[in-house]
Amino acid sequence: MSFDWLKRGPVRAVCAALTLSTSMLVAAPAEAQTITAVMSSGLRVLDPVVSSAAITNVHGYMIYDTLLGTDAQFKVQPQMAERWEISPDGKTYTFTLRDGLKWHDGAPVKAEDCVASIKRWGEVDIMGQVLFGLVTDIKVVDDQTFQIVVRTPTDVVLSSLAKIGTRTAFMMPKRAAETPSSQPIKESIGSGPFKFITAEFRPGVRVVYEKNKDYVPRKDPASWTAGGKVVHVDRVEWVTMPDELTATNALLNGEIDYIENMPYDLLPMVEAKDGFKVEVLDKLGLWTYYRFNFLHPPFNDRLIRRAAMHAVGQEDILKALTGNPKYHRTCTAIFGCDTVYASNYGADFLIPANPERARELLKEAKYDGTPVVILHPTDNRTVSPQPVVIANALRKAGFTVNLQSMDWQTLTTRRASKRPPAEGGWNIHATNGPIVGITDPLRNQSVATNGERAWFGWPDFPGIQALRDKFAVTADPAELKAIAAEVQKQVIDEGVVVPNGQFMIPTAYNTKLSGILESPAALFWNVKKAR
Amino acid sequence: MATIPVMGVVAIVVFAILRLTPGDPAAIIAGDAATTEQLHQIRIQMGLDKPLYVQFILWAGQIVRGDLGISLISGVPVAQMIADRIGPTLALSTTIIVFSILVAVPLGVIAAWRQGTLLDRSTSAFSVLGFSMPVFVFGYLLILLFSIELRWLPVQGYRPPSEGFWPFLSRLILPTLALGTAYIALITRITRTSVLEVMGEDYIRTARAKGLKENAVLIHHALRNASVPIVTIIGVGITHLIGGVVVTESVFNLPGLGRLVVEAVLARDYPVIQGLILLFSFAYILINLLVDVLYTVLDPRIRY
């Protein structure tokens, strides 16, 4: 459609006059350098301990700092900590804080703040809980030094405090960290590179951060959450836009600078225009997977679980999810492909769909036609296609399927129900999560198999739990790899979780922005904006 | 005084429906990685583990004291959330109502006056089109033309009047056009029909026979006597605006009450939903009251 006639002659003159008068009306003195971003969702919960939501974690990176960081090579690096020392017996870790660390209210960061923060985080985070299962003492030595003592040498102290993904170990002032871990904190004071502007916060609408001028970044280059967090802009504003097309139009019109999660179907709109860039910043991406309910038939039967695993092919799910092979890959590694503990065990039967083999297994298991209730969220585009594909594949293999559509909120309640599927429970639910949050047997909570206390689905396999416990108290890298490989084998054999592949979500931004870091979390330090 | 029992009934019904709807605000707070145990702890902390009647008594007690409660998700007082978000909705509703009335009533009167002409038929065609086209489709077309192609107006957002008149107005023009078109179509049709009905009355013929100018006949005699159904449809239109702004606020990213309702429902943020529905029901009652009062002004024969 062309509107060139409107751009000519008198119409253009009127517009020019209007635009000029407009600019005169809104002309302001030198504006602050502001990045306006549309994030994956609206920020509503500010406490990164209470909430495991991805957006709350990104908010955490804005205003809080971490004791340790993880770089792009998965190596743990010091961040707030100047250094750490490990005693010769490998059981005592002594952390020394950097000089000059300050909270946003001007008070100095002290070791007692870090100890309180670690304790609160350790109550709820899956890695924190593993850590505190090993901790015998955690104590303040002086204002800049504290110690963590564990009962046996372990890799968990460093890897848990440096973790990326949900529920990162952010440091907070002691008074905030003393809030019970089930209760949200009342203030958002951190020591990170940005300050949270409470007065401008509109939950679900707008979040405003200002540069923390007192922040002293490390000298080393930024890499993921490690290195110098140098802020080059005055403000960052997160604007929530419920409509993706509106957000894309706003980007093209120069009203916003950045869309964290660009919808696949709207990519051509941005890719076709000069002055905009589409890029995958989280190269690891996300994994999508589904989960059986082990409490009820038919998936309390191992053979029927295996039949379902044969029935569903990864490529079909990934095509429905992204529609573009550039943004997905088949992968059966439950700790993510291209990670330290990646294993392709199960690829032979998890990647291709094999309905014939599934039918044979169903016959062998004497499947009686018990309906399979699959939960289908219709309002979440990264989780909505999977259940439909799974349902179709299971029907082809001979399962009786009851695909139940609902909103994501209803699903989150429904999946917590342990009742039989016919009474409001379920048999299969699919979801996804960032790879960076599942890179070993401890942080991947979907491989926990401690029955009623496990994640939704409640698998109960003491052997896998024992391997996870062993992983926690092992320090030798080769042995850790062997344990992780065995966990992968047993998890796939038992159908504890069924990986459906990996996918990446592209970010779109105005090329006025530069220096955006590749990272599993959206980070705004290091980013420059041309005027 | 009838307002109080009506709102009381609304409060009870809304509370009951919300609690019967599946969903869990604790799951929104805790996120996808939360375990059953963590969700339970958060529910206890929010008081959602208490029996329903206890929760209702606590909430009703707050309402009686004029306190709408605190958002379960963000921890912000509901009254503050409403105050923060009412501006865009009021501004958009006002511009739509004013724009619709200013365009639709003259258009309807002229269409009736020139019944059967090209103008009348065009007005009818516009009415059908305006009423049939979904708001979001029209909205996207407006954005494509005025924002993306011509770059005259912003795509989205809201600026309060305190940030300047043009920044405020420029962000309301497209949503007003998008949603206002449907109201113009509706009001135009009713105005035309109502005016047509009275145009054949004896008093119109008498007025013309007295030598009154056509303008005076149309405005003082025809329109005034046709105004009761027009006011009724405007009143109905205003009450329906509350539903219409939900889509418009999403398409044009206006952070108003319509969006707040959707967000609160999706998050099962009970105090926010309850507070908003009480506010909306109060607005409905107030608008109906105003329409009833206007009837008596426009037609002195009407008595209550």
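Chain A has 16 helices and 23 strands in its secondary structure. The model is predicted.

**Exercise 1. Overall form of chain A**

Work out why the radius of gyration of chain A agrees with that of a compact globule.

*Solution.*
- Step 1. Start from the chain length, 531 residues.
- Step 2. A compact globule with 531 residues would have a radius of gyration near 24 Å.
- Step 3. Chain A has 25 Å, so the value agrees with the rule.
- Step 4. Add the spans. Along its principal axes, the C-alpha trace of chain A covers about 80 × 70 × 40 Å.
- Step 5. Add burial and contacts. Buried residues make up 51% of the 531 in chain A. Take the contacts in chain A between residues at least 6 apart in sequence: 70% of them join residues at least 24 apart.

**Exercise 2. An open sheet**

Find the order of the strands in the 7-stranded open sheet of chain A, and name its edges.

*Solution.*
- Step 1. The order reads 10-11-12-1-13-21-14, with mixed pairing.
- Step 2. Strand 10 (194–196) and strand 14 (276–279) of chain A are the edge strands, since each pairs on one side only.
- Step 3. Look at one pair. Strand 11 (residues 206–211) and strand 12 (residues 235–239) of chain A run antiparallel and are joined by 5 bridges.
- Step 4. Pick one bridge. A:R206 has A:V239 of strand 12 as its partner.
- Step 5. Now see what packs on the sheet. Helix 2 (residues 54–63) of chain A touches strand 10 and strand 11 of chain A. The direction of helix 2 makes about 120° with that of strand 10.

**Exercise 3. The nonpolar core**

Identify the residues with the most contacts inside the largest nonpolar core, then follow one of them.

*Solution.*
- Step 1. The largest nonpolar core has 222 residues.
- Step 2. Those with the most contacts inside it are A:L67, A:L251, A:A311, A:I390, A:L394 and B:I187.
- Step 3. Helix 10 (residues 214–251) of chain B gives the most to this core, 13 residues.
- Step 4. Follow B:I187. Leaving aside neighbours within four places in sequence, its contacts include B:I101, B:V105, B:I230, B:I233 and B:I234.
- Step 5. Set this beside a general trend. In soluble globular proteins, nonpolar side chains tend to be buried together.

**Exercise 4. Where the chains meet**

Describe the side of chain A that touches chain B.

*Solution.*
- Step 1. The contact takes 44 residues from chain A and 51 from chain B.
- Step 2. Helix 1 (9–26), helix 7 (244–252), helix 14 (408–414) and strand 19 (428–434) of chain A each supply at least two residues of this side.
- Step 3. Sort this side of chain A by class: 19 nonpolar, 17 polar and 8 charged residues.

How values were computed: Residues numbered from 1 in each chain as written. Chains lettered and ligands numbered in written order. Contact = placed C-beta atoms within 7 Å. Helix = DSSP H or I, 4+ residues; strand = E, 2+ residues; numbered from the N terminus. Nonpolar A, V, L, I, M, F, W, Y, C, P; charged D, E, K, R; others polar. Core = buried A, V, L, I, M, F, W, Y, C linked by C-beta atoms within 7 Å. Buried ≥ 20, exposed ≤ 12 C-beta atoms within 10 Å, placed from the backbone. Pairing = 2+ DSSP bridges. Axes fitted to C-alpha atoms, helices over the stretch in contact; angles between N-to-C directions. Rg over C-alpha atoms; globule rule 2.2 N^0.38 Å.
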